[in-house]
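I opened my notebook today to look through a new structure, one step at a time. Come along and read over my shoulder.

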Amino acid sequence: MRVLRLHYLMVFTLIFVFIIGRSTFLLNFTLEQQLTLGLLLLAVYLWVAAPIPTGSTSILLLACMLLLNLVDSVEEAMVGFLSPALYFILMLSLISHSLVKVGVDRVIARFLLKISKGGPKIIIASLPIFILFLPIILPSAIARFKMLLPLVTKLNHYYGYPEKSLFEKYCLYVIGMLNQNATMIIFTGGGFPILASQLLRDYNVANIGWLDWILQIGPPLWIGSLIVVLFVWQFLKKTLPDDEWFNDRKKLPLVHDEKREETMPVLFWIVISSFLVMIVTWIVTDQRYIPLLLPPMILVVLYSIPKINLINNKVIRNYDWENFLLLGSSFSLGMLMAENGTASVLAKELISVVSPDGSIVVKIIAIAIFILLLRFLFVVPSSAMIVIFPIVMSYSELIGIPLEKLAFLVIMIIGGVMVLPIHSPTAFLAYETGILKKKEQYTIGIFSSVVIMITAIFAAIYYW
């Protein structure tokens, strides 16, 4: 009952703010833009508070566009579902499922088990590097987390450490929070970077290639991640001063299937080789002639043929269609804000707090802080990206900053924020284990978010 009352209070507050705003700070907006902004507030509330299921929320947003006459037809309301990014995420999710099914996760686990015999120091030093490159061969942050979590527990036991040890906490940060940041290394590393790369094309910012993306995002993200990793290790050591992780301990036997170490089946090599061919195709071909979506589409069909049978109707039915609806409706809302001028007018209103005579550095810092604050309104980083991106892109014309600088600034900050566990799926899964305390989660989350933001600011000024 208390939760229900809180929902009612939030709804009435939003309605009251919107009614008052129409005669005050929303005077520069047309009626259509005011209604669009009101719909955005409703969407943010529904995404954050989740009073109804995600799929129903998405359908409600599309229905509101029609009821408020913000679009002329059902086709215009559904335009977000025409985005290639939606189907790219679907294709890569199915491919990721196939990779796990043939045992790629076991190969990765076996590799980590082998290097673990060199002692915990090897794992502590190599795990962050490993996780920063893992998205290339396993494009799903959640799949990477679920694969590595049991392995971390095994290694903690193997080295003879107690539950919630320094070693286990550190590894959980790496596979949870750092894992989410690592997703941005390549634009095929997960749903968020796929979406971001599509927005770059949709808003005519850049038609960036696979290697070009790594060169743009990789160096600043690696630098920021290294700083955070060093901080996290030192911070956890101070919070657990009695944890003698470095002492020699009695190693216990690691349980794993020796038979699987002998040879991998032919199907494994077919899947791996075809997956690598897809990556090479992305690297060497021009997207103007071979669309980015075409290679994964062909791969999904290949994995569906009877003799391979890795993708069937059951696999497709089990896909996260709620997230599909969420992204599609979010796309429609973001495109609506851009097309009817709501994003542009909102940008003009918000930019008024920044002096037009200020330096580029001051403007970039102000916009970075603005992005960080807006990001807190959203649980799902993809939804945040769809809504914030068109607003920030409107700043470019107002303050004379190149589109590409602002675009990558948005991507880095939104993808790097994980102050609360709900800001990232893998951070939430890591927090749910109970291994990290609230203080540890918030301290690491705040430091990580701020460092990634500062790194992005420097990259926008000197690198991009």
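Here are my entries, in the order I made them.

**Entry 1: the whole chain**

I began by noting that this is a predicted model. Then I asked how many helices and strands there are in the chain. I counted 21 helices and 0 strands, so to speak a page with one kind of entry in the list.

Next I looked up burial, and found that buried residues make up 53% of the 464 residues. The accessible surface of the chain is about 21400 Å², and carbon and sulfur atoms account for 67% of that surface. I also looked at contacts between residues at least 6 apart in sequence: 77% of them join residues at least 24 apart.

**Entry 2: helices H8 and H9**

I picked a pair of helices to follow. H8 covers residues 141-158 and H9 covers residues 166-182. At what angle do H8 and H9 pack? The angle is about 170 degrees, and the axes are 10 Å apart. Angles over 145 degrees count as roughly antiparallel, and H8 and H9 are therefore roughly antiparallel to each other.

I then listed who makes the contact. From H8 the residues include Phe145, Leu148, Leu149 and Val152, and from H9 they include Phe167, Leu172 and Ile175. Arg144 of H8 and Glu168 of H9 also take part. By class, I noted 10 nonpolar, 5 polar and 2 charged residues in this contact.

While in H8, I stopped at Met147. Is Met147 buried or exposed? Met147 has a relative accessible area of 10%, so I wrote it down as buried. I also checked its separation from Val104: the two are 43 residues apart along the chain, and their C-alpha atoms are separated by 9.9 Å.

**Entry 3: a salt bridge**

How many salt bridges does a search of the whole structure find? The search finds 1. Glu440 forms a salt bridge with Lys169, and the closest N and O atoms are 2.9 Å apart. I liked this pair, as it links distant parts of the chain: Glu440 sits in helix H21 (residues 438-462) and Lys169 in helix H9, 271 residues apart. Both Glu440 and Lys169 are buried.

**Entry 4: Gly445, also in H21**

I stayed in helix H21 to look at Gly445. Its relative accessibility is 0%, so Gly445 counts as buried. Which residues does Gly445 contact, leaving aside neighbours within four places in sequence? I found Met177, Met418 and Val419. For Met177 I added the numbers: Gly445 and Met177 are 268 residues apart in sequence, yet 8.0 Å apart in space, C-alpha to C-alpha.

**Entry 5: two asparagines with positive phi**

A reminder to myself before this entry: most residues other than glycine have a negative phi. With that in mind, I wrote down Asn69, which is not a glycine and has a positive phi of about 60 degrees. Asn69 lies in the loop between helix H3 (54-67) and helix H4 (74-77). Its relative accessible area is 58%, so Asn69 is exposed.

Asn309 went on the page too, with a positive phi near 55 degrees. Where is Asn309 placed? I found Asn309 in the loop between helix H13 (294-304) and helix H14 (313-317). Asn309 has 39% relative accessibility, so Asn309 counts as partly exposed.

**Entry 6: Ser58 and Val79**

I went back to helix H3, where Ser58 has its place. With a relative accessible area of 1%, Ser58 is buried. Not counting residues up to four places away in sequence, Ser58 touches Leu325, Leu326 and Ser329.

My last stop was Val79, in the loop between H4 and helix H5 (84-101). Val79 is partly exposed, with a relative accessible area of 26%. Which residues does Val79 touch, not counting those up to four places away in sequence? They are Ser332 and Met335. I also looked up Leu336: Val79 and Leu336 are 257 residues apart in sequence and 9.3 Å apart in space, C-alpha to C-alpha.

Methods
Residues are numbered from 1 along each chain as its sequence is written. This is a predicted model: local features need pLDDT of at least 70, side-chain atom pairs count only at pLDDT 80 or more; totals for chains, interfaces and linings use all residues. Side-chain values use heavy atoms; hydrogens and water are left out. Axes are lines fitted to C-alpha atoms, for helices over the stretch in contact, and angles run from 0 to 180 degrees between N-to-C directions. Helices (H or I, at least four residues) and strands (E, at least two) are DSSP runs, numbered from the N terminus. Angles under 35 degrees count as roughly parallel, over 145 as roughly antiparallel, 65 to 115 as roughly perpendicular and the rest as oblique. Contact means heavy atoms within 4.5 Å. Ala, Val, Leu, Ile, Met, Phe, Trp, Tyr, Cys and Pro count as nonpolar, Asp, Glu, Lys and Arg as charged, and the others, Gly among them, as polar. Buried means under 20% relative accessible area, exposed over 50%, partly exposed in between (1.4 Å probe, protein chains only). Accessible areas come from the Shrake-Rupley method with a 1.4 Å probe; for residues, only the protein chains shown count as cover. A salt bridge is a side-chain nitrogen of Lys or Arg within 4 Å of a carboxyl oxygen of Asp or Glu.
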